[in-house]
Amino acid sequence: MAPQAQGHFAMLLFSALVAGSFSLGGMVANEIAPLALNAVRFLIAGAAVGAVAFATTGFARSDFAAPWRYVLLGGLFAIYFVLMFEGLKTSAPVSSAAVFTLVPAMSGVFAWIMLRQRITPRMGLALCVGGLGAVWVIFRADVVALFAFDVGRGEVIFFFGCIAHAVYTPLVRLLNRGETAVVFSFGTLVAGTIWLGLVGARDILATDWHALRPMVWVTILYVSLGASAITFVLVQFAALRLPSAKVMAYTYLVPSWVIVWEAALGNSLPPALILAGTGLTVVALLLLVRDDDALSIKAVQN
């Protein structure tokens, strides 16, 4: 499989795994403090990724050169995850997933600033289409709410977390010095665990861990392994093979995957008008993943 194809496959899997964290997170967000949940999440994910790295590529002294890189990346991802669960306290999973689809546009801007990665006209069109679909879902397909800018508190909170995620993606390529995706993810997770342990110490100690119902632990394990350990590696793997805007293009599939998760979990589905917005995000994905370079070559030959 070509490197670009590997990147696309990695992000397809990423979108399905991430969607599960919205649905499961929405079911338990009000039962445990976001800082406490994510501290355990990063700890478990870091241990899992570290074990994989040790068993496969191993570690070299150079992997931990300039540790400030991991501190920065770990802090950004910790912010994203904490604000995600804080937002899910009052926001519906599909609506939060729609906010997440604004990340590609923001990531494209930050990638241009940091890496000078250009945004082609079709990529710009795709970002606009995806953004329109996201806004339609965020405002619950209500034109009156749109013009009144009546957006929910949870969506606003999560939006700031998405800004942190958008900065994170181009930073991976900018700060990576040849480390493998697994090793680089391990460093990021360790730094994130330290951040959350320091900032969330009070919430961690105040949590009655023995009293948590089984679904909370299921969610913690899922987001630790499926939606953290694996997706961290997938994003960094793809970010080294695809432009940042295309990496984050797969976030446009997340609302559709969330609908699948909600149906599987027996939760209520959004109205048909809102589903139209998720359809636009899929169109945006198809526009973004097309190979601009191949089309450019064909145009020159013609």
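# Aromatic contacts and helix packing

Author: In this predicted model, the charged end of Arg41 sits over the ring of Phe81, 3.7 Å from its centre.

Reader: Which other arginine lies over the face of a tyrosine, and at what distance from the ring centre?

Author: Arg69 lies over the face of Tyr70, with 5.2 Å to the ring centre.

Reader: Back to Phe81. Which residues form one aromatic cluster with it?

Author: The cluster consists of Phe22, Phe42, Phe77, Tyr80, Phe81, Phe100, Phe158 and Tyr168.

Reader: And how many aromatic pairs does the count come to?

Author: The count is 17 aromatic pairs. One of them joins Phe22 and Phe158 in an edge-to-face arrangement, 5.7 Å from centre to centre with 75 degrees between the planes.

Reader: Why does that pair tie together parts that are far along the sequence, 136 residues apart?

Author: Phe22 belongs to helix H1 (residues 3-28) and Phe158 to helix H8 (residues 153-175), so the pair links parts that are 136 residues apart in sequence.

Reader: Is Phe22 buried or exposed? And Phe158, buried or exposed?

Author: Phe22 is buried, at a relative accessible area of 0%. Phe158 also has 0% relative accessibility and counts as buried.

Reader: Let us turn to helix packing. At what angle do the axes of H3 and H9 cross?

Author: The axes of helix H3 (residues 68-87) and helix H9 (residues 181-199) cross at roughly 65 degrees and come within 7 Å. The crossing of H3 past H9 is right-handed.

Reader: Which residues meet there?

Author: From H3, the participants are Arg69, Tyr70, Val71, Leu73, Gly74, Gly75, Ala78 and Val82. On the H9 side they meet Phe184, Gly187, Thr188, Ala191, Gly192, Trp195 and Leu196. The residues of this contact divide into nine nonpolar, five polar and one charged.

Reader: What about Trp68, where does it lie?

Author: Trp68 is in helix H3. Its relative accessibility is 48%, and it counts as partly exposed. Leaving out residues up to four places away in sequence, Trp68 touches Leu175 and Arg177. The C-alpha atoms of Trp68 and Ala191 are 9.1 Å apart, with their positions 123 residues apart in sequence.

Reader: Which residue in the loop between H2 and H3 has a positive phi?

Author: That residue is Ala66, with phi near 50 degrees, a positive value in a residue other than glycine. Ala66 is found in the loop between helix H2 (34-55) and H3. At 17% relative accessibility, Ala66 counts as buried.

Reader: Next, helix H4. How many of its residues are buried?

Author: Helix H4 (residues 93-100) is mostly covered, with eight of its eight residues buried. They are Pro93, Val94, Ser95, Ser96, Ala97, Ala98, Val99 and Phe100.

Reader: What do they pack against?

Author: The buried residues of H4 pack against H1, H3, helix H5 (103-115), helix H6 (121-138), H8 and H13.

Reader: And Ser95, what is it in contact with?

Author: Apart from its neighbours within four places in sequence, Ser95 is in contact with Val137, Ile138 and Glu155. Ser95 lies in helix H4 and is buried, with a relative accessible area of 7%.

Reader: H13 came up a moment ago. Which helix holds Trp257, and what does Trp257 contact?

Author: Trp257 is found in helix H13 (residues 254-264). Setting aside neighbours within four places in sequence, Trp257 is in contact with Leu12, Ser15, Ala16 and Ala19. The C-alpha atoms of Trp257 and Leu17 are separated by 8.7 Å, although these residues are 240 apart along the chain.

Reader: Is Trp257 buried or partly exposed?

Author: Trp257 counts as partly exposed, at 30% relative accessibility.

Reader: One last residue. Where does Leu174 lie, and what does Leu174 touch?

Author: Leu174 lies in helix H8. Not counting residues up to four places away in sequence, Leu174 touches Met114 and Leu115. Leu174 is partly exposed, with a relative accessible area of 42%. From C-alpha to C-alpha, Leu174 and Leu240 are 9.8 Å apart in space, and they are 66 residues apart in sequence.

Key
Residues numbered from 1 in each chain as written. Predicted model: local features only at pLDDT ≥ 70, side-chain atom pairs only at ≥ 80, totals over all residues. Heavy atoms only, no water. Phe/Tyr/Trp six-rings, centres within 6.5 Å; stacked < 30°, edge-to-face > 60°. Helix = DSSP H or I, 4+ residues; strand = E, 2+ residues; numbered from the N terminus. Buried < 20%, exposed > 50% of the residue type's maximum accessible area, 1.4 Å probe, protein only. Lys NZ or Arg CZ within 6 Å of the ring centre and 35° of its normal. Contact = heavy atoms within 4.5 Å. Axes fitted to C-alpha atoms, helices over the stretch in contact; angles between N-to-C directions. Left-handed = near helix turned anticlockwise from the far one by under 90°. Nonpolar A, V, L, I, M, F, W, Y, C, P; charged D, E, K, R; others polar.
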